[in-house]
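Reader: I've just opened this one and don't know my way around yet. Could you walk me through it?

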Amino acid sequence: MPVQPDRIISAATQLFTRRRSREQGPVLQDACRPTDIASALAIQAAVTRLLGAEIGGWKCATPAAGQVVLAPIYQTSIHATNPCPLLVRGSMAQVEPELAFVLGCDLPPREQPYTPADIDAAIVRTHLSLELLDSRYLDHRAVSFLDNLADGLVNQGLFLGPQIDPAGECGTLALQIGSTNETLAGHHPAGSPRLPLYWLAEYLRSQGQGLRAGQVVITGSYAGCIPLPIGQDVAIRYGELGTLTVCFQSDA
């Protein structure tokens with residue numbers, strides 16, 4: 001049964017309050033929980049309206065098993081300088097290494113579909129990046145995909161690193177974290193990092209929405225979630241693409 005509009009507002013208000021108070025809580029009451037993709041996205045959109053926040057970008061992934069994977073990244077949570085502020089729970093920052101695509105022109109709603117060539121032409125820059133993670137649930141692993149979708153898919157924000165040559169974009173790369181010789185075998189979940197962006201542009205077009213110039217899109221982690229220390233410079237080498245250096249600072 002679809003979630004009723006008043007209960008969508010109730011769910012969004014609870015998640016909005018947790019964002020504002022920076023406190024986590026249990027899964028929402030059953031009557032307010034999303035029961036399908038539409039209600040989860042309706043709650044997500046209602047949270048954005050309550051925040052009054054400008055959408056500076058999106059996280060997305062290629063859909064699988066009927067799942068729609070997208071969430072807004074708010075402009076105030078996108079950082080490009082050190083130290084990078086973030087809400088820290090525990091002693092470590094939780095991040096995901098990704099590539100970020102910056103759009104140089106609008107991709108507005110229109111009747112005809114967008115082709116990959118249209119979207120490629122709209123990308124003005126590609127950056128090394130880190131998605132900054134946080135959840136409004138006490139344990140996001142213990143709730144459903146729909147619950148997490150309603151809450152923005154564990155997004156706290158984004159750190160933009162250096163610009164790279166787009167010719168170097170690839171599906172696999174070796175990640176070296178810090179000064180150790182240990183490397184992670186990085187694999188993009190979609191194979192090609194642009195594929196989810198192609199899907200996102202078409203999905204938003206089909207919903208009467210669009211993408212705007214200046215927005216940033218991330219499309220999946222090369223190595224899942226990794227913990228990084230607070231208060232010290234950490235260099236992450238993305239194979240031959242380049243190196244991102246970050247220093248996180250708790251803004252609590």
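Here come a few questions and answers about cores, helix packing and two residues.

Reader: Before we start, what kind of model is this?

Author: Residues are numbered from 1 along each chain as its sequence is written, and side-chain values use heavy atoms, with hydrogens and water left out. Local features need pLDDT of at least 70, side-chain atom pairs count only at pLDDT 80 or more, totals for chains, interfaces and linings use all residues, and the model is predicted.

Reader: How many residues does the largest nonpolar core have?

Author: A nonpolar core is a set of buried Ala, Val, Leu, Ile, Met, Phe, Trp, Tyr and Cys residues joined through side-chain atoms within 4.5 Å. Buried means under 20% relative accessible area, with exposed over 50% and partly exposed in between (1.4 Å probe, protein chains only). Among the residues with the most contacts inside the largest core are Ile 43, Leu 70 and Leu 211, and its size is 44 residues.

Reader: And how many residues are in the second, separate core?

Author: Cys 84, Leu 86, Ile 226 and Leu 241 are included in that one. Its count is 23 residues.

Reader: How do helix 1 and helix 2 lie to each other, parallel, perpendicular or oblique?

Author: Helices are DSSP runs (H or I, at least four residues), numbered from the N terminus. The two pack at an angle of about 50°, with their axes 8 Å apart; axes are lines fitted to C-alpha atoms, for helices over the stretch in contact, and angles run from 0 to 180 degrees between N-to-C directions. Under 35 degrees counts as roughly parallel, over 145 as roughly antiparallel, 65 to 115 as roughly perpendicular and the rest as oblique. So helix 1 is, relative to helix 2, oblique.

Reader: Which residues does Ile 43 contact, leaving aside neighbours within four places in sequence?

Author: Contact means heavy atoms within 4.5 Å. Ile 43 is also one of the helix 2 residues that make the contact with helix 1. Leaving those neighbours aside, its partners are Ile 8, Ala 11, Ala 12, Leu 15, Cys 32, Pro 34 and Ala 150.

Reader: Is Thr 48 buried or exposed?

Author: Thr 48 lies in helix 2, and, neighbours within four places aside, it is in contact with Ala 53, Ile 55, Pro 72 and Tyr 74. Its relative accessible area is 12%, so Thr 48 is buried.

Reader: What is the relative accessible area of Ala 40?

Author: Ala 40 is in helix 2 too. Not counting residues up to four places away in sequence, Ala 40 touches Pro 34, Leu 146, Leu 149 and Ala 150. Ala 40 is buried, and its value is 0%.
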